[in-house]
Amino acid sequence: MTVIRQKPSFYSSEQLSQYLARIGLSGLDRQPTLTNLHAITRGHTITFPFENTDMHYTENGTMDVSPSGVFDRLVQRKSGGSYCFGQNTLLFGMLLALGYHAYVGFSRVNVSPPESSEVQFTHLSHMMLFVQLPSDITGETDGVNVPTYLVDCGFGGQGLVRPILLSDGETVKGSTSSESHRVVATTDDQSSLNPPAKNWTLEIQEGSQSPWRTLFKFKVEEYFLDDIQAASYYFAKGFNGIFRQYVIASKRFPVSEEPDADLRRLIMFRGQVTEKGGSQPDKVVLELKDEEDRVRALNELFGIERNDDEINHVRKEARLESY
């Protein structure tokens with residue numbers, strides 16, 4: 001990729017300090033290095049739950065993904081998390097504040113069942129980031145082929161947990177030692193251009209003998225804060241997808257205190273809370289009997305502050321008894 005220009009952040013130095021303390025990295029040297037990028041993405045991933053509860057437990061039924069809104073909820077009030085548009089908006093601003101060169105990308109998510117070899121993509125419905133290191137830009141580079149990393153803390157349970165170099169076939173460890181992610185360069189079979197436009201896919205492999213499965217496809221086009229706001233609003237109000245139909249929460253946690261320990265996933269979906277990932281078998285942690293059960297689980301297991309009074313805002317089709 002060509003050089004990504006450095007831009008000022010929409011967060012202050014004091015807000016950066018609060019964020020780093022929140023993700024357990026208050027002692028970070030604040031240099032925009034690859035090592036620190038790894039540390040930040042891991043810290044962010046295990047600190048903030050992936051969730052859509054504001055879509056269901058608030059009167060307006062939307063998610064506040066503005067820079068000020070996500071900072072207040074995730075960092076200052078420590079009252080919950082967000083989905084991709086909020087998670088990666090917060091991460092984007094903090095990476096800019098640290099001196100990384102970055103911009104926002106959008107992708108189309110594969111919604112085919114996990115067991116299917118077919119792919120079926122949504123509209124542009126997922127946000128991620130493209131990041132470059134200042135040392136790669138000021139070093140020996142021709143200004144065109146600058147190493148660029150795909151960074152994404154907002155895909156949920158099966159998404160990236162570390163940066164991945166945007167290079168065909170590049171592979172990194174996933175949440176566990178048995179899980180891998182890779183990026184693959186492809187062409188867009190829907191393109192009217194000749195030659196077709198270049199596409200990338202992010203894929204996951206869950207076990208060395210398992211097939212690779214596409215999570216999403218994307219181009220390296222740039223999007224902006226207004227695009228994030230518009231996409232999130234449509235996601236909450238205009239698109240009757242899984243996030244509008246269900247209350248969803250997911251949180252990763254390390255299985256040990258080792259620096260790069262495997263991460264298990266705690267997932268709330270439909271009427272269950274399950275624990276998944278790694279060498280241990282999946283297990284049901286909790287059966288949810290009613291809405292009060294769900295609110296209690298959100299608070300106690302995921303660190304998402306909700307209360308019984310907000311249950312009245314949950315639409316009938318999203319209530320537990322409707323599943």
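**Notebook: E179, I248 and a five-stranded sheet**

I began at E179, whose side chain makes a polar contact with the side chain of R265 at 3.3 Å. A note to myself before going on: this is a predicted model.

**Entry 1: E179**

I looked up where E179 sits, and it belongs to strand β7, residues 179-187. Is E179 buried or exposed? Its relative accessibility is 4%, so E179 counts as buried, the cut-off for that being under 20%.

R265 isn't the end of the story for this side chain. I also found it reaching the backbone nitrogen of S175, at 2.8 Å. Then I listed what E179 touches, skipping residues up to four places away in sequence: V172, K173, G174, I204, Q205, E206 and R265. So R265 turns up in the contact list as well as in the polar contact.

**Entry 2: I248**

Next I jumped to I248, which lies in the loop between α8 (242-245) and β10 (249-254). I248 counts as buried because its relative accessibility is 9%.

Which residues is I248 in contact with, leaving aside neighbours within four places in sequence? I got F50, E51, N52, I242, F243, M268 and F269. I checked M268 further: it is 20 residues from I248 along the chain, yet their C-alpha atoms are separated by 5.6 Å.

**Entry 3: the sheet with β10**

I248 led me to β10, so to speak, and I followed its partners. On one hand there is β1 (residues 50-51), which pairs with β10 in the antiparallel sense over two bridges. I wrote down the bridge partners: F50 goes with S250, and E51 stands opposite A249. F50 and E51 are also among the contacts of I248.

β10 also joins β11 (residues 263-269), again antiparallel, through six bridges. Here F253 stands opposite R264 in β11.

What is the order of the strands in the open sheet? I read it as β1-β10-β11-β12-β13, five strands with antiparallel pairing. The edges are β1 and β13 (283-287), each pairing on one side only. A reminder from class: strands of a sheet pair through backbone hydrogen bonds, either parallel or antiparallel.

**Entry 4: helices across the sheet**

Last, I checked which helices lie across these strands. Helix α2 (residues 34-47) lies across β10 and β11, and it runs at about 125° to β10. Helix α9 (residues 291-302) lies across β10, β11, β12 (272-276) and β13, running at about 160° to β11.

Notes:
Residues are numbered from 1 along each chain as its sequence is written. This is a predicted model: local features need pLDDT of at least 70, side-chain atom pairs count only at pLDDT 80 or more; totals for chains, interfaces and linings use all residues. Side-chain values use heavy atoms; hydrogens and water are left out. Helices (H or I, at least four residues) and strands (E, at least two) are DSSP runs, numbered from the N terminus. Buried means under 20% relative accessible area, exposed over 50%, partly exposed in between (1.4 Å probe, protein chains only). A polar contact is a pair of N or O atoms within 3.5 Å; within protein, one must be able to donate a hydrogen and the other to accept it, and residues adjacent in sequence count only if both atoms are side-chain atoms. Contact means heavy atoms within 4.5 Å. Two strands pair if DSSP finds at least two bridges between them. Axes are lines fitted to C-alpha atoms, for helices over the stretch in contact, and angles run from 0 to 180 degrees between N-to-C directions.
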